[in-house]
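Visitor: I am new to this structure, and I would like to hear the reasoning behind the words used for it.

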Amino acid sequence: MATLQSLAFSSPLSNYLHQPRSYSGKVSWTIQGSSHSAFNGQSLQLPRLRWARQRQNARVPGSMIKMVKPAIQFIQGTNEQTIPDVRLTKSRDGTNGMAIFKFDQPSVFDSSGEVGDITGFYMIDEEGVLQSVDVNAKFVNGKPAGIEAKYIMRSPREWDRFMRFMERYSNENGLQFIKK
């Protein structure tokens, strides 16, 4: 419905578009012909949206929220199976910080030939994606042995967002926070 409305409003006929009229739960948009167009005009009947009423009547808590299992990816669409060792640092004033992720023998090395190249470091959860391009691979005797990825937080807001991701990720993967 949104596409049809935006097309009608962006067309040169928008001067001739009448306000929507409601008849028994349907919205009717009428475009009338003009001397500037060969369009004769027809009524377009669309069902009325009941979005607000549906949200009010929703009884299941969280029914509108799509839950996403927290994951780390190096190749978009391919979850990393290896659980990392994570070190956190934070400035004394709390305005910035850094997280260093170390992966020993990550699974991305097994699938990277089939799926593609490592494009970055992506932390995905229900709030969205946190990403970094600071990714370094470690090689031993010419074979990939590990990956180190850094994520830099430049504000308290970024720090809080990262900590929400880490809480979800650690709960899902059995990580434990140890303060040193």
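What follows is a conversation about aromatic pairs, burial and confidence in this predicted model.

Visitor: Why is the contact of Phe 74 with Phe 103 called an aromatic pair, and why edge-to-face?

Guide: The ring centres of Phe 74 and Phe 103 are 5.1 Å apart, and since rings pair if their centres lie within 6.5 Å, the two form a pair; their planes stand at 80 degrees, and because over 60 counts as edge-to-face, that name applies. By this rule the count comes to seven aromatic pairs.

Visitor: What makes this pair a tie between parts of the chain?

Guide: Phe 74 belongs to strand S4 (residues 71-75) and Phe 103 to strand S7 (residues 97-104), so the pair ties together parts that are 29 residues apart in sequence.

Visitor: How do you know whether Phe 103 is buried or exposed?

Guide: Buried means under 20% relative accessible area, and Phe 103 has 1% relative accessibility, so Phe 103 counts as buried.

Visitor: What makes Phe 103 and Phe 121 an edge-to-face pair?

Guide: Their centres are 6.3 Å apart with 70 degrees between the planes, which satisfies the limits of within 6.5 Å and over 60. Phe 121 lies in strand S8 (residues 121-125) and Phe 103 in strand S7, so this pair ties together parts 18 residues apart in sequence.

Visitor: Which residues form one aromatic cluster?

Guide: The cluster consists of Phe 74, Phe 101, Phe 103, Phe 121, Tyr 151 and Phe 162.

Visitor: How confident is the predictor, on average and by residue?

Guide: The pLDDT averages 74 for the protein, and 61% of the residues score at least 70, whereas over residues 1-40 the pLDDT is below 50.

Notes
Residues are numbered from 1 along each chain as its sequence is written. This is a predicted model: local features need pLDDT of at least 70, side-chain atom pairs count only at pLDDT 80 or more; totals for chains, interfaces and linings use all residues. Side-chain values use heavy atoms; hydrogens and water are left out. Rings of Phe, Tyr and Trp (its six-membered ring) pair if their centres lie within 6.5 Å; planes under 30 degrees apart count as stacked, over 60 as edge-to-face and the rest as tilted. Helices (H or I, at least four residues) and strands (E, at least two) are DSSP runs, numbered from the N terminus. Buried means under 20% relative accessible area, exposed over 50%, partly exposed in between (1.4 Å probe, protein chains only). pLDDT is the predictor's confidence in each residue, from 0 to 100. Contact means heavy atoms within 4.5 Å.
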